[in-house]
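Visitor: Hello! I would like to learn how to read a protein structure. Could you walk me through one?

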Amino acid sequence: MPAVLASLRISQAYSSALEESVQRFLEMLGKLNRAYLTALEEKLLSVLEAEIRV
C-alpha cells in the first residue's frame, strides 16, 4: 500500500470521538517510518474503518 494512501486512510479514520486507545493506535500508524503497513496493521485498520464506517 502506498504511504500516501495509508496516511489518507489513517486521517479519515481518526476522530476525537474515538476511544483513547484507538486514537493512539492510529497516531502510531501515522508516525511509522516506512512506506507500507504490515498485513496485521492493514487488517486492524480495515476493522477500525468498518466499525466507524469510514
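Visitor: Which pattern does the protein follow when read along the sequence?

Guide: Welcome! Keep in mind that this is a predicted model. To read a fold, go along the chain and note each helix or strand in turn. Here the pattern is α-α-α, with three helices and zero strands. The radius of gyration is 10 Å, close to the 10 Å that the globule rule gives for 54 residues, so the protein is as compact as a globular protein of that length.

Visitor: What box do the C-alpha atoms fill?

Guide: Along the principal axes, that box is roughly 25 × 20 × 20 Å.

Visitor: How much of the protein is buried?

Guide: For this, look at how much of each residue is covered. Buried residues make up 26% of the 54 residues. The accessible surface comes to about 3900 Å², and 60% of that surface belongs to carbon and sulfur atoms.

Visitor: Where is tyrosine 36 placed?

Guide: Tyrosine 36 sits in the loop between helix H2 (20-30) and helix H3 (39-52). Its relative accessible area is 46%, so tyrosine 36 counts as partly exposed, a class that lies between 20% and 50%.

Visitor: How far apart are tyrosine 36 and alanine 6, in sequence and in space?

Guide: They are 30 residues apart in sequence, yet 7.3 Å apart in space, C-alpha to C-alpha. For the protein as a whole, consider contacts with a separation of 6 or more: 46% of them join residues 24 or more positions apart.

Visitor: And how far apart are the mean positions of the positive and negative charges?

Guide: The mean positions of the 6 positive and 7 negative charges are 4 Å apart.

Technical notes:
Residues are numbered from 1 along each chain as its sequence is written. This is a predicted model: local features need pLDDT of at least 70, side-chain atom pairs count only at pLDDT 80 or more; totals for chains, interfaces and linings use all residues. Side-chain values use heavy atoms; hydrogens and water are left out. Helices (H or I, at least four residues) and strands (E, at least two) are DSSP runs, numbered from the N terminus. The radius of gyration is taken over C-alpha atoms; the globule rule is 2.2 Å times the number of residues to the power 0.38. Buried means under 20% relative accessible area, exposed over 50%, partly exposed in between (1.4 Å probe, protein chains only). Contact means heavy atoms within 4.5 Å. Accessible areas come from the Shrake-Rupley method with a 1.4 Å probe; for residues, only the protein chains shown count as cover. Lys and Arg count as positive and Asp and Glu as negative; His and the chain ends are not counted. The place of a charge is taken as NZ of Lys, CZ of Arg, CG of Asp or CD of Glu.
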